[in-house]
Amino acid sequence: MADSNATKNALAASMKKLMIRRPFEKISVSDICNDCGINRKSFYYHFRDKYDLVNWIFYTGFVGEVDLFSYKTGWDLVEDICTYFYREKEFYRAALRIEGQNSFRDYLIEVATPVVEFFLKDVIPENESDSVFATFITDGFLTALIRWLSGGYHQEMDASQFVAKMKQIIVTLGDNLHQEAWRNTQSEKRRPEGSI
């Protein structure tokens with residue numbers, strides 16, 4: 001077991017190093033194996049392909065370490081996720097650019113959606129589809145995460161600043177939508193009966 005983890009970790013370290021230097025599509029399994037001195041047979045014993053390796057890096061680096069029940073709020077988890085991504089931002093910038101089937105982005109959505117559903121279970125109205133809310137929130141978070149890690153907000157923010165900004169945007173938007181709904185309700189009450 002120790003040898004297995006050592007092999008996986010060596011392959012992961014090589015993959016991370018290579019992805020910082022060149023595009024994912026230009027990295028072959030042979031490149032990864034040559035970089036760390038491990039043969040291809042060993043690679044394929046542990047991983048299906050290089051996509052599987054990238055997903056394993058995220059799983060062992062973050063997902064496998066998370067205890068959802070230890071978080072008081074979803075925001076605490078979001079801050080931990082963002083801190084992890086920020087610490088490893090060079091690698092994840094490259095990982096989030098991977099396109100196609102089995103991409104890291106698809107894996108991240110697959111992992112994040114049930115977590116979002118877990119934290120939204122008390123927020124989502126009972127008559128609404130959980131998957132629509134969870135998908136909307138997951139897609140929005142993923143897009144914001146990619147833009148943040150890529151420096152697309154034109155200002156450098158660490159993880160706590162980024163999370164604070166997201167929270168401010170969501171609270172402001174929620175307040176504005178709530179006020180608009182209240183104004184519409186009041187307007188409906190004042191409208192004479194029978195008018196259009």
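Biologist: Let's start with Phe118. Which residues does Phe118 touch, not counting residues up to four places away in sequence?

Modeller: To read a contact, you look for heavy atoms within 4.5 Å of each other. Keep in mind that this is a predicted model. Here Phe118 touches Leu68 and Phe69 once the residues up to four places away in sequence are set aside.

Biologist: And where is the place of Phe118?

Modeller: Phe118 belongs to helix 7. Its C-alpha atom is separated by 8.7 Å from that of Leu68, with the two positions 50 residues apart along the chain.

Biologist: Does that make Phe118 buried, exposed or partly exposed?

Modeller: You read that from the relative accessible area: under 20% is buried, over 50% is exposed, and the rest is partly exposed. Phe118 has 22% relative accessibility, so it counts as partly exposed.

Biologist: Let me try another one. What is Leu145 in contact with, leaving aside its neighbours within four places in sequence?

Modeller: Leu145 contacts Cys82, Phe85, Leu96, Leu108 and Phe162. This residue lies in helix 8, and at 0% relative accessibility Leu145 counts as buried. For Phe162, 17 residues apart from Leu145 along the chain, the two C-alpha atoms are separated by 8.9 Å.

Biologist: Which element holds Thr143, and how far is its C-alpha atom from that of Thr172?

Modeller: Thr143 lies in helix 8. Its C-alpha atom and that of Thr172 are separated by 19 Å, and the two residues are 29 apart along the chain. Thr143 is partly exposed, with a relative accessible area of 46%.

Biologist: What about Asp67 and Asp52, how many Å separate their C-alpha atoms?

Modeller: That separation is 23 Å, for residues 15 apart along the chain. Asp67 lies in the loop between helix 4 (50–61) and helix 5, and with a relative accessible area of 42% it is partly exposed.

Biologist: Asp52 rings a bell. Which residues is His46 in contact with, leaving aside its neighbours within four places in sequence?

Modeller: His46 is in contact with Ser4, Thr7, Lys8 and Asp52. You'll find His46 in helix 3, residues 40–46. Its relative accessible area is 18%, so His46 is buried.

Biologist: Now a polar contact. Which side chain does the side chain of Ser14 make one with?

Modeller: For this kind of contact, you look for a pair of N or O atoms within 3.5 Å. The side chain of Ser14 makes a polar contact with the side chain of Asp35, at 2.7 Å. Ser14 is found in helix 1, which covers residues 2–21, and is buried with a relative accessible area of 3%. Apart from its neighbours within four places in sequence, Ser14 is in contact with Ile32, Asp35 and Cys36.

Biologist: Cys36 brings me to sulfur. How many disulfides does the count come to?

Modeller: A disulfide is a covalent bond between the sulfur atoms of two cysteines. To call one here, the sulfurs must be within 2.5 Å. The count comes to 0 disulfides.

Biologist: Why is the sulfur of Cys33 not in a bond with the one in Cys36?

Modeller: The closest cysteine sulfur to that of Cys33 is in Cys36, and because it is 5.9 Å away, it is too far for a bond. Cys33 is buried, with a relative accessible area of 2%, while Cys36 is partly exposed at 23%.

Biologist: I also want to read a backbone angle. What is phi of Asn102 near?

Modeller: Phi of Asn102 is near 70°, a positive value in a residue other than glycine. Asn102 sits in the loop between helix 6 (89–95) and helix 7, and at 40% relative accessibility it counts as partly exposed.

Biologist: Last topic, pockets. What volume does the largest pocket have?

Modeller: Its volume is about 1500 Å³. Of the 47 residues that line the largest pocket, the closest to its centre are Trp75, Val78, Ile137, Phe141 and Ile170. The elements giving two or more residues to that lining are helix 5 (74–87), helix 7 (104–120), helix 8 (130–149) and helix 9 (159–190).

Biologist: Which helix gives the largest share of the lining?

Modeller: Helix 8 does, with 10 residues.

Biologist: And how many of the lining residues are nonpolar, polar and charged?

Modeller: By class, the lining of the largest pocket has 37 nonpolar, 6 polar and 4 charged residues.

Notes
Residues numbered from 1 in each chain as written. Predicted model: local features only at pLDDT ≥ 70, side-chain atom pairs only at ≥ 80, totals over all residues. Heavy atoms only, no water. 1 Å grid on protein atoms, 1.4 Å probe; cavity = no way out; pocket = protein on both sides within 12 Å on 5 of 7 lines; lining within 4 Å. Points joined across faces, edges and corners; volume = space filled by probe spheres on them. Helix = DSSP H or I, 4+ residues; strand = E, 2+ residues; numbered from the N terminus. Nonpolar A, V, L, I, M, F, W, Y, C, P; charged D, E, K, R; others polar. Buried < 20%, exposed > 50% of the residue type's maximum accessible area, 1.4 Å probe, protein only. Polar contact = N/O pair within 3.5 Å; in protein donor to acceptor, adjacent residues only side chain to side chain.
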